[in-house]
Amino acid sequence: MRGERTTRATTDYESATGRIAGLPLRRHHVLLTAWTVLWFFLVEPSGGFSWHYLRQGEQLLFSGQPDGGLSLYAHHPELQIGPVSLAAARLTAPFSPHVGQLVAEAASAGLGLVMLVLVGRTAALYYLGTGTNHRRLQQRLLVAGLAFIPMWVEVSVRFAHLDDVLALFFTTLAAHALARDKPVQVAVFLALAVDSKPWAIAFAPLILALPRPAWLRTALWFCLLVAIAWLPFYLGNLDTMAAAKFTIPNQPASALRWFGVTDPATPWWDRPTQFGLGIGLGCVAVRRGRWPAVVLLGADARILLDPSVYTYYTASILLGTLLWDAVGQKRLVPWWSWIALVALYGGTLFLPSDPARGFVRLAFVVVSAAYVLLWPTQQTRRPRPPAGGGGDGRRRAARRRERELVDA
């Protein structure tokens, strides 16, 4: 009889957590891993398009050459790559160029799976105490992850943009730390994101989602860690300031064209406006109690105002829709992840003209931003009681059980 109860309890636990019998794995994780491996091998033969920038940057940063070291950005403004990313690229230096590229691509692709797990746990923590159906959450994460992975492989393997990979990975860690009420960790991870790729500054409004008493300390930690990474380059060579003025071509398919911006290269006002819009929209989202929309809104600002239209930009949008679909709302079907994939990636592949592609980018940004900011959402999260607080034994036992599901 006891054996039957034990077997039934084990079966119920595996059913509730989605674990595969006898293994410390969940079914949706296995499926997403297989999906990632498939896309990796499909894309890798044509991968590594931009890896040479990372190799060049890390070699110059750690060299004694006059145009390297702390003078790197002054002499090579085209290397819009943060020092943390160059330090990470340095880890591949002992390998041959080809093997080092493969290692970086495989590690970057693997981080996408880690991010999916982190987003799932972030959602479970965010809704802790609300009776969340964890199997439905896993199903939602699986369906959204099937859309996320192709674009993640685009940035991590096809383009091998380790800087964008790390910026998005650290941002995911910051969102997870936010759900765990860890202010210092939020500051550290957001700073590492900016130190990996400067455009990640648009995600800084996540700090405002913390309890108000933690704002100042978290902001100070964030500013300090960003300064530690970047200030030596500006002090080491004052010409580093010129790197902020680096321009790229204004491509015909950019959304900028629909605003009448026909400059052949990046307008002088574009980058500050891009950062300001992303931060401003993120602040509005937090004020409206919708911090899971911050990443999507910051990425929207980038897509809207960037003069380039590289497909790897869409990876930041897909992380934003993933967080919104998993954490920001409780719909079973993660529509926004698939809408983003079809509109932005599918539009790039199948729309016949540059103006049409630019219009789709503009339309997606406007509609998605309006939706996450204005559309009524189901606010089901309840305040968590303080540790060791009141409540009857059954409630505490239920909360312990739910936390087991989060951590399982």
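Trainee: Is Arg 271 buried, partly exposed or exposed, and what is its relative accessibility?

Mentor: Keep in mind that this is a predicted model. Partly exposed is the class between under 20% and over 50% relative accessible area. Arg 271 has 23% relative accessibility, so it counts as partly exposed.

Trainee: Which residue does Arg 271 meet in a salt bridge?

Mentor: The general idea first: side chains of opposite charge can pair when their charged atoms come close. Here the partner of Arg 271 is Asp 306, with 2.7 Å from N to O. Asp 306 sits in the loop between α12 and α13 while Arg 271 belongs to helix α11, so this pair ties together parts that are 35 residues apart in sequence. Asp 306 is buried, at 3% relative accessibility.

Trainee: How many salt bridges are there by this rule?

Mentor: The count is 8. Another of them joins Lys 197 to Asp 164, whose closest N and O atoms are 3.8 Å apart. Lys 197 lies in the loop between α9 and α10 and Asp 164 in helix α8, so parts 33 residues apart in sequence are tied together. Both residues are buried. They also belong to a network of salt bridges that links Asp 163, Asp 164, Lys 197 and Arg 302.

Trainee: How should I read a salt bridge inside one helix, and which residue pairs with Arg 158?

Mentor: An α-helix has 3.6 residues a turn, so residues three or four places apart point the same way. Arg 158 pairs with Glu 154, and their closest N and O atoms are 2.9 Å apart. Both lie in helix α7, 4 residues apart, about one turn of the helix. Arg 158 is partly exposed at 25% relative accessible area, whereas Glu 154 is buried at 4%.

Trainee: What does the side chain of Ser 108 reach?

Mentor: For a polar side chain, look for nearby N or O atoms. The side chain of Ser 108 reaches the backbone oxygen of Ala 104 at 2.8 Å. Ser 108 is in helix α6 and is buried, with a relative accessible area of 3%. Leaving out residues up to four places away in sequence, Ser 108 touches Trp 152, Ser 156, Leu 162 and Val 165.

Trainee: And on the surface, which residues make the nonpolar patch of about 350 Å²?

Mentor: Val 184, Trp 221, Leu 224 and Ile 228 make it. Helix α10 gives the largest share, 3 residues. Ile 228 lies in that helix and counts as exposed, at 53% relative accessibility.

How values were computed
Residues are numbered from 1 along each chain as its sequence is written. This is a predicted model: local features need pLDDT of at least 70, side-chain atom pairs count only at pLDDT 80 or more; totals for chains, interfaces and linings use all residues. Side-chain values use heavy atoms; hydrogens and water are left out. Helices (H or I, at least four residues) and strands (E, at least two) are DSSP runs, numbered from the N terminus. Buried means under 20% relative accessible area, exposed over 50%, partly exposed in between (1.4 Å probe, protein chains only). A polar contact is a pair of N or O atoms within 3.5 Å; within protein, one must be able to donate a hydrogen and the other to accept it, and residues adjacent in sequence count only if both atoms are side-chain atoms. Contact means heavy atoms within 4.5 Å. Patches are made of residues with over 30% relative accessible area and no salt bridge: like charges are joined within 9 Å, nonpolar side chains (Val, Leu, Ile, Met, Phe, Trp, Tyr) within 5 Å. Accessible areas come from the Shrake-Rupley method with a 1.4 Å probe; for residues, only the protein chains shown count as cover. A salt bridge is a side-chain nitrogen of Lys or Arg within 4 Å of a carboxyl oxygen of Asp or Glu.
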